[in-house]
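Here is a short set of exercises to work through at your own pace. Keep the viewer open and try each task before reading its solution.

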There are 2 protein chains.
Amino acid sequence: MGRIVMKFGGTSVADLDRIRAVSKLVAAEVAAGHEVAVVVSAMSGETNRLVSLVDALDKDMDPTGEKSGGAIADEYDSIVSSGEQVTSGLLAIALRRRGIPARSWLGWQIPLKTDMAHSKARIGEIESSAIGPSMAQGTVAVVAGFQGINKDDRISTLGRGGSDTSAVAIAVALKADRCDIYTDVDGIYTTDPRIVPDARRLNRIAFEEMLELASLGAKVLQVRSVELAMNYNLPIRVLTSMADEGQRNPGTLVCHEDLTMEERVVSGVAYSRDEAQITLLKLSDKPGMVAKVCKAMSDAGIIVDMIVQGISRSDNSANLTFTVGERDLEMALAALDAAKQDIGFAGVKFDRDVTKVSVVGIGMRSHTGVAQTMFEALAAKGINISVIATSEIKISVLIDSEYTELAVRALHSAFDLHTTPAPRVSAP
Amino acid sequence: MGRIVMKFGGTSVADLDRIRAVSKLVAAEVAAGHEVAVVVSAMSGETNRLVSLVDALDKDMDPTGEKSGGAIADEYDSIVSSGEQVTSGLLAIALRRRGIPARSWLGWQIPLKTDMAHSKARIGEIESSAIGPSMAQGTVAVVAGFQGINKDDRISTLGRGGSDTSAVAIAVALKADRCDIYTDVDGIYTTDPRIVPDARRLNRIAFEEMLELASLGAKVLQVRSVELAMNYNLPIRVLTSMADEGQRNPGTLVCHEDLTMEERVVSGVAYSRDEAQITLLKLSDKPGMVAKVCKAMSDAGIIVDMIVQGISRSDNSANLTFTVGERDLEMALAALDAAKQDIGFAGVKFDRDVTKVSVVGIGMRSHTGVAQTMFEALAAKGINISVIATSEIKISVLIDSEYTELAVRALHSAFDLHTTPAPRVSAP
């Protein structure tokens, strides 16, 4: 008994059979006595179809609005949001056919208010004074994900994957007990099962760990949805909508670390191939030169990730190595070229064929030796590390892309991630 | 210079090429100095696609909500209205690509308020305080047709063909000078050109005549749109969006009769095959029996059209013959059967193979002899008339369907409709 939010992505509502299957999952939660809000994405392929209509009219359009200056992003949002509008109505009908009172809610009907950034809007306030009482009367709220309304009364969208964030934000606004994200995988794994066949599904994972994993390219949950859930301490359950009842496992609960039950230092190994390494050679040895490089990048809208400064043994000059997203490489090189005089360096080297491999775990906070285990495991396979970056709960290394799978398997094994850990002794 | 509303139906916005072509037509009106609102339908086929999704989920659904008690009509409206939402956004983008400021307006954004009858809503109030100033600033308003919002903040739709009514209602609200309805025919014809090859396009037609023609099955304009235009004396121009510039003729202006310039008694010949004839045999000769029959039909939601009472020569008993829409025949027969004792009649005959053929013209008000010409023309071809009905500007006859084309051609010729009439002497 309580209030829950269920979220279904595009593949979970891909066709009418899948929508009927979703209505069955919702019916089970209603039968269990819950007040339910369901957040839906567009039917799989529908968003792409709509985007391609826009693209065909406006070849220069970029969906983020960054390059086109947002000149058509308002209409893009109005067009593309229609996909979720259709799914929400269809699921409401499917629920009524099962005898369950239900109605669709569009972003402007709730209203779910956003800022003015079309096609990548951020959620502001969510009004619960209409949807809340409707749910309390036993009507399932079927919410069109991904969309909101801005102060000009125009439809805004949250950007690709925004339905996760919609779902969590609505769960927060509704003071829900839990947000269940149904997807095409059955939970969060210790690493990518395509690389490590004995990767293990985690029963629970802490918000902070999930945030690191999501940032590192584990694409199950959108980063912003995890941030939001963490800020409001709202548990998220990730589970599959694909398996039949009985065969369905409970997925992974993303929750406050106090609720994570496993005694384990490292929870998962993540990797990201979308990296490029840039090295500035022979930087002038003046104070503030790293700051100048970072400013040049940030002025160009480029995020600098890992960064390390080295001293050349031969001539005692300094080199600076850092990474950017691979898609930003060209822009970064152009920005550096433009700022070459100001920064002062002899040359630039770059490398696209690099991968960032990371081990993540809140247990690192209180355990030493993780870095040592990691570096030894990689060294044992002959894998060179070019850059190292650490946070409180994460160690990342940059390696040659060729070694990605080898490194991930070695680390998964070195931290015993394929074995089920002993339960942590819970607090009294 | 002035304010105009342009409306484009589904075939006129069937694909991106057609939408680009529409943007060119709009651009020409903007270049002529007009403030322009454009009302668009869904891309051809899109509404059917959306309806079929709903139908597949709910096989008992009838789009009018009459049989299903409107139980899912709210969601039907939310789903189906997305078609116009997409077109309005696409046309706004196409206009911006031509350098013309434009934005889409959805029913709830205007707002265009309707009553609560989902899927066949009637327009109430249209707010012009947002859209009007936007147009006055030179921004083309691209309005999603067919949709509105009811007092519960739910999306409502006006029923099939409702975009015509949207366009006229918006033109009225915006105090537009004219509403141009672009369609796949190039105007209103004296009769169906598929039956009479030398049918002539009318330059002008009076509201009252158009209303009769629209009611009689000439499907170019929705009846309600003509009623509305007549009530507010708003001229409608019907013209094609298909022809290239230069080849396009000015279409037909539907306007107040004072503005119709042609001196002609009959303006057009219309026909409707969607008719069924019912005859009640040997009705009891009590007062009020016709009223009883009409009540039985109206209680069943069936509209009785033509009606005639005859006396049988043999036994002096009365027969009653009337027509209903062909799709209502089964329901009508069932209702009559149920009321047989109460009404009192010996038996029922019916005939589906009947056609109503009508001549329409405001000139009939001041001219006699139209009926005589009509009956003589039909008699000369050996066509029997089973029922006759007249109004101030219309004479309708019911004939055997086999004779439809023959009758239409005979009447078109008898009233000289293929020749261009002399202009009426205009009032001083």
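**Exercise 1. A salt bridge across the sequence**

Is A:E405 buried, partly exposed or exposed, and what is its relative accessibility? Then find its salt-bridge partner and place both residues in the fold.

Solution. Please keep in mind throughout that this is a predicted model.
- Step 1: A:E405 has a relative accessibility of 28%, so it counts as partly exposed.
- Step 2: A:E405 forms a salt bridge with A:R273, and the closest N and O atoms are 3.0 Å apart.
- Step 3: A:R273 lies in strand β13 (residues 268-283) of chain A and A:E405 in helix α13 (residues 404-414), so the pair links parts of the chain that are 132 residues apart.
- Step 4: A:R273 is partly exposed too, at 38% relative accessibility.

**Exercise 2. A pair in chain B**

Which residue forms a salt bridge with B:D274? Work out where the two sit and how exposed each one is.

Solution.
- Step 1: The partner is B:R327, with 3.8 Å between the closest N and O atoms.
- Step 2: B:R327 belongs to the loop between β15 (318-325) and α10 (329-338) of chain B, while B:D274 is in strand β13 (residues 268-283), 53 residues apart.
- Step 3: The relative accessible area of B:R327 is 70%, which means that B:R327 is exposed.
- Step 4: For B:D274 the value is 31%, so B:D274 is partly exposed.

**Exercise 3. The interface**

How many residues of chain B are in contact with chain A? Describe the side of chain B that touches chain A.

Solution.
- Step 1: 40 residues of chain B are in contact with 40 residues of chain A.
- Step 2: Between them the two chains bury about 3500 Å², with 59% of it on carbon and sulfur atoms.
- Step 3: B:L57, B:I93 and B:W108 supply 20% of the area that chain B buries against chain A, more than any other three residues.
- Step 4: The rule finds 20 residue pairs in polar contact across this interface, and 6 salt bridges.
- Step 5: On the chain B side, α1 (16-31), α2 (46-57), α3 (73-80), α4 (82-97) and β3 (102-105) each supply at least two residues.
- Step 6: The largest share, 10 residues, comes from α4(B).
- Step 7: By type, this side of chain B divides into 21 nonpolar, 7 polar and 12 charged residues.

**Exercise 4. Around B:R96**

Which side chain of chain A meets B:R96 in a salt bridge? Look also at what A:D74 touches.

Solution.
- Step 1: A:E75 and B:R96 meet in a salt bridge, at 3.3 Å from N to O.
- Step 2: A:D74 is in helix α3 (residues 73-80) of chain A.
- Step 3: Leaving aside neighbours within four places in sequence, A:D74 is in contact with A:H118, A:R154, A:I155 and B:R96.
- Step 4: A:D74 has a relative accessible area of 12%, so it is buried.

**Exercise 5. Cysteines**

How many disulfides does a search of the whole structure find? Explain the result for B:C255.

Solution.
- Step 1: The search finds 0 disulfides over all chains.
- Step 2: B:C179 is in no disulfide, and the nearest cysteine sulfur, that of B:C255, is 14 Å away.
- Step 3: The closest cysteine sulfur to that of B:C255 is in B:C179, and 14 Å is too far for a bond, because a disulfide needs the sulfur atoms within 2.5 Å.
- Step 4: B:C179 counts as buried at 0% relative accessibility, and B:C255 counts as buried at 1%.

Methods. Residues are numbered from 1 along each chain as its sequence is written. Chains are lettered from A and ligands numbered from 1 in the order in which they are written. This is a predicted model: local features need pLDDT of at least 70, side-chain atom pairs count only at pLDDT 80 or more; totals for chains, interfaces and linings use all residues. Side-chain values use heavy atoms; hydrogens and water are left out. Contact means heavy atoms within 4.5 Å. Buried area is the accessible area (1.4 Å probe) that two parts lose on being put together, summed over both. A salt bridge is a side-chain nitrogen of Lys or Arg within 4 Å of a carboxyl oxygen of Asp or Glu. A polar contact is a pair of N or O atoms within 3.5 Å; within protein, one must be able to donate a hydrogen and the other to accept it, and residues adjacent in sequence count only if both atoms are side-chain atoms. Helices (H or I, at least four residues) and strands (E, at least two) are DSSP runs, numbered from the N terminus. Ala, Val, Leu, Ile, Met, Phe, Trp, Tyr, Cys and Pro count as nonpolar, Asp, Glu, Lys and Arg as charged, and the others, Gly among them, as polar. Buried means under 20% relative accessible area, exposed over 50%, partly exposed in between (1.4 Å probe, protein chains only).
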